[in-house]
Amino acid sequence: MASMRTSTIFSPSFSLLSSKRVNVNSLIRVPRLNSAHPKTNILTGSKVVGGLSTFTDSVPLLLHEKNDLSSSAISNNPTMQLYAILEAVSDRYEMHRNVGEQRQNWNDLLLNNINMITLTATTLTGVAAATAAVGAVETCRNLKPCLKLSSTLLFSAATCMLLVMNKIQPSQLAEEQRNATRLFKQLLTQIQTKISVGSLITEEDVEFSMEKLLALDKAYPLPLLGGAMLEKFPSKYEPAVWWPEKRREGNAAERKMMKRNNNSNNSSNGWSEELETELREVVEVVKRRDIGNYERLGNILLKVNKSLAIAGPLLTGIAAIGSAFVGNGDGLFSAMVPLMAGSMACAINCFEHGGQVGMVFEMYRSCGGFFRMLEESVEITLEENDLEKRENGEVFEMKIAMMLGRSVSELRQVASKSASGCMDGIATDEFASKLF
């Protein structure tokens, strides 16, 4: 009887709990909708189907399987740390993209406004000279001081604006942010791939991703004040560096011993002596032709940009001084200096900022940095004597070929031409890259 009473007492509670469980399950059960065009979440790389992100498909089962872990244990997990870096990289990507658009607008607006100011001041100078001519109406002569003052103020304003514009080089700033956006997106994709592959993520992966993030922040700073902005007129051309310094470990004796051990083993990981020789020849072509060409062009463009940056404000300053003396003596002769200086300043400004000379120089810096990174990547890979620690040789060869815009067979032809040319004492005139 007691057992019957107990079951009678608790049976409504059990039925109520079971009905609530059914209701809760019916509420949280989300149907899997089919969509012909799934979207991709940029942060996690997960597919968005029917407006719902299948986040649990891309995130490891860390949070589902280890609910008993403390918050400190979860925060110290390398996977969660890599997710935190992924969020920071995604934020940097959006930030640099927005700032790049803003600085491109700066270049367009400043260029148009300075040209309009310069042309207006030049026109006012000509009108002031005409009013000072013999036979001019008395009313027009009375306007001459106002015209002279207006043109002088406009030329002075154009000079100050040109000094600021030539100092910061907005077209070069915009190109820096475009490069930073591309590189942060590349880093974002690399981290997403590492997480989605499902391999074991180590502390070294987290540390290396953090070093890449900090190296990009240093190479492409956002602030313009406080000395953080990159030098726009360095003493000589230097390629951009946006990757962390790779440490070379081991001495010559250790490398020799490792090479002997690797020769005794059968596992080559896709590497051979022919492949190593081929990559060394490609690097020599890159250093001799591609890097040397961009270094020569970069130094020439740097000198041109410096000359234009000095000539523009100098001419508007001369025009500002000359416009103040219009009408003293022969009116037309006294107006010749400010009119010519203002016209030449407008033309130089159009060539410098309309032609985006600073942007082209930054593009040369970026291309030089690309070839420098390729050179260091090949050299450090070949210095690693443990073949198992290297990337697969065939895959690495294919990556180098794609980075240079060539097929694997074309890359081998470049290496063979370089080797035969060195034997004959004839330097090849072919560039290693077909992209830049």
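**Exercise 1. Place T122 in the structure and describe its surroundings.**

T122 belongs to helix α5 (residues 78–131); helices (H or I, at least four residues) and strands (E, at least two) are DSSP runs, numbered from the N terminus. The structure is a predicted model, in which local features need pLDDT of at least 70 and side-chain atom pairs count only at pLDDT 80 or more, while totals for chains, interfaces and linings use all residues. Residues are numbered from 1 along each chain as its sequence is written, and side-chain values use heavy atoms, with hydrogens and water left out.

Step 1. The relative accessibility of T122 is 10%, so the residue counts as buried (under 20% relative accessible area; exposed is over 50% and partly exposed in between, with a 1.4 Å probe and protein chains only).

Step 2. A polar atom of the T122 side chain lies 2.7 Å from the backbone oxygen of T118.

Step 3. Leaving aside residues up to four places away in sequence, T122 touches F155, L339, G342 and S343, a contact being heavy atoms within 4.5 Å.

**Exercise 2. Analyse the aromatic pairs of the protein.**

Step 1. Rings of Phe, Tyr and Trp (its six-membered ring) pair if their centres lie within 6.5 Å; planes under 30 degrees apart count as stacked, over 60 as edge-to-face and the rest as tilted. The count by this rule is six aromatic pairs.

Step 2. For W271 and F396, the ring centres are 5.8 Å apart and the planes stand at 40 degrees, so this pair is tilted. W271 lies in the loop between α10 (252–264) and α11 (273–323), and F396 in helix α15 (residues 393–403), so the pair ties together parts 125 residues apart in sequence. Both W271 and F396 are buried.

Step 3. Y294 and F371 have ring centres 5.9 Å apart and planes at 35 degrees, so they too form a tilted pair. This pair links distant parts of the chain, with Y294 in helix α11 and F371 in helix α14 (residues 357–383), 77 residues apart. Y294 and F371 are both buried.

Step 4. One aromatic cluster is made up of Y294, Y364, F370 and F371.

**Exercise 3. Identify the rings over which R289 and R390 place their charged ends.**

Step 1. A charge sits over a ring if NZ of Lys or CZ of Arg is within 6 Å of the ring centre and within 35 degrees of the ring normal.

Step 2. The charged end of R289 sits over the ring of F431, 4.3 Å from its centre.

Step 3. For R390, the ring beneath the charged end is that of W271, with 4.7 Å to the ring centre.

Conventions: A polar contact is a pair of N or O atoms within 3.5 Å; within protein, one must be able to donate a hydrogen and the other to accept it, and residues adjacent in sequence count only if both atoms are side-chain atoms.
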